[in-house]
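Thanks for making time, everyone. I'll walk you through one structure this morning. Let me put it on the screen.

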Amino acid sequence: MMWRRLRALVVRGHSMAPTVRAGDLLLVDTRPGCAAPLGRGAIVAWAPTALSGTVLLKRVVGMPGDEVLCRGGSVWIDGRAVDEPYLMSAQPAEAVARTWALGPDEYLLLGDRRADSLDSRRLGPAHLPDILGVVQSRLWPLWR
Amino acid sequence: MSWTARIGRGLAAALRAGVGEAHCDIPCGIYDPHAALLAAKTVHTMVTKLEALPTPGPKMAPEEEREARNSFARMVAVKEVHAQLCKQELLILWSDFFTEDDARRRPELHASVWKAVKLCSANKQQAHHATAQALLDACEAINRLFQEAQLIKSHADTGLRPTRRAAS
């Protein structure tokens, strides 16, 4: 029963603005295996073990096997700057340039508001089993 | 509440929607000394590895010397980055997590954090095992203060009093 695997989530917080805003109602596909293969740029529901049950909404920026560098407000993957049209505006520079070499089931998940987001930069890369599902659509409001 | 928000809330209730946190960094109140500890451990590991590197000299083959110099540069770079990260994470705990009550209960709190961030800087300037170990010890001490403060806060939230052992 596919509908039983779909889950509605109300967004709390502003770290995914402007794409997803506080109060939005999202439809998340939580079917087993829906997260694999995950697309770069997808917004996912992630339950990091460090936060014991809290579900975060973040964007997939780094894929397994990628070498990701966050530097000067930009993300570089395998030496190439990533085009991120979903970001609101120029992002403030990272205080520290950091690199992650992602393992076979590791994803780097970041918020769209880089200056104010709790994500893989502090929690570490996400492992596939901790990714609960992929955001499929916005149920409400309809006009954004 | 606007009509759009009312419809959204009604839909969410009808669909038994859960909450997806688009967490911001500071206002959400999620703090964890794990990141500082991990960074301090990385600094410590890098210093240990640096000490174990062969010293380039006239008897070393050119390829071996190049490898050693490359490893040296990479280890120093990682040490530099993680010492700075450790400082950043400690300062977040100090400015955003710990409260005046924590400082009153534990008068050594400010000095402990100040000493730890100074050690972050010292570990950028130096590559000494003792300095790296001192940073690790300082971060573990702050972790203990954090866990204690966290426990007291959670007891305050539930209206229970911490046990003598937990508060000691």
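Start with the hairpin of S6(A) and S7(A). Two residues sit between its strands, and Asp78(A) takes a positive phi near 50°. Keep in mind that this is a predicted model.

How do the two strands of the hairpin run? S6(A) and S7(A) are antiparallel, and two bridges join them. S7 covers residues 80-81 of chain A. Look for Ile77(A): it stands opposite Arg80(A) in S7(A).

Now look along S6(A), residues 74-77. Which of its side chains are buried? Val75(A) and Ile77(A) are, and they point to one face. Ser74(A) and Trp76(A) point to the other face and are not buried. So Ile77(A) comes up twice: it is buried in S6(A), and it stands opposite Arg80(A). The cut-off for buried here is under 20% relative accessible area.

Next, the other neighbour of the strand. S5(A), residues 67-71, joins S6(A) through four bridges, and this pair is antiparallel. Leu69(A) stands opposite Trp76(A). Trp76(A) is one of the two residues on the face that is not buried.

S5(A) also joins S8(A). Again there are four bridges, and again the strands run antiparallel. Glu67(A) in this pairing has Ala101(A) of S8(A) as its bridge partner.

Put these strands together. What order do they take in the sheet? The order is S7-S6-S5-S8 in chain A, an open sheet of four strands with antiparallel pairing. S7 and S8 (98-101) stand at the edges. Each has a single partner strand, so one side of each has no neighbour in the sheet. As a reminder, strands of a sheet pair through backbone hydrogen bonds, either parallel or antiparallel.

Let's step back to the whole of chain A. It has one helix and eleven strands. Along the sequence the pattern is β-β-β-β-β-β-β-β-β-α-β-β. Chain A has 144 residues, and 51% of them count as buried. Take its contacts with a separation of 6 or more: 61% of them are between residues 24 or more positions apart.

Chain B next. Here we find seven helices and one strand. From the N terminus, the elements go α-β-α-α-α-α-α-α. Of 168 residues, 38% count as buried. Among contacts between residues at least 6 apart in sequence, 74% join residues at least 24 apart.

Two spots in chain B deserve a stop. The first is Glu148(B), in helix H6, residues 129-158. Is Glu148(B) buried or exposed? It counts as buried because its relative accessibility is 7%. Its side chain makes a polar contact of 3.2 Å with the side chain of Arg105(B).

The second spot is Ala73(B), in helix H3, residues 62-97. Ala73(B) counts as partly exposed, because its relative accessibility is 45%. Find Leu50(B) too. It is 23 residues away from Ala73(B) along the chain, and the two C-alpha atoms are separated by 9.6 Å.

Now, where the chains meet. How many residues does each chain bring to the contact? Chain A gives 27 and chain B gives 26. The area buried between them is about 2,300 Å². Carbon and sulfur atoms give 61% of that area.

There are two salt bridges between chain A and chain B. One of them joins the side chains of Glu89(B) and Arg122(A), at 3.1 Å from N to O. For polar contacts, the count across the interface is eleven residue pairs, with both residues at pLDDT 80 or more.

Which strands of chain A supply at least two residues each to the side that touches chain B? They are S1 (6-12), S4 (56-62) and S11 (131-140). S1(A) gives the largest share, five residues. By class, that side of chain A has 17 nonpolar, five polar and five charged residues.

One last thing about S1(A): it pairs across the two chains. Four bridges join S1(A) to S1(B), residues 18-21, and the two strands run parallel. Leu9(A) has Gly18(B) as its bridge partner.

That's the tour. Questions, please.

Terms used. Residues are numbered from 1 along each chain as its sequence is written. Chains are lettered from A and ligands numbered from 1 in the order in which they are written. This is a predicted model: local features need pLDDT of at least 70, side-chain atom pairs count only at pLDDT 80 or more; totals for chains, interfaces and linings use all residues. Side-chain values use heavy atoms; hydrogens and water are left out. Contact means heavy atoms within 4.5 Å. Buried area is the accessible area (1.4 Å probe) that two parts lose on being put together, summed over both. A salt bridge is a side-chain nitrogen of Lys or Arg within 4 Å of a carboxyl oxygen of Asp or Glu. A polar contact is a pair of N or O atoms within 3.5 Å; within protein, one must be able to donate a hydrogen and the other to accept it, and residues adjacent in sequence count only if both atoms are side-chain atoms. Ala, Val, Leu, Ile, Met, Phe, Trp, Tyr, Cys and Pro count as nonpolar, Asp, Glu, Lys and Arg as charged, and the others, Gly among them, as polar. Two strands pair if DSSP finds at least two bridges between them. Buried means under 20% relative accessible area, exposed over 50%, partly exposed in between (1.4 Å probe, protein chains only).
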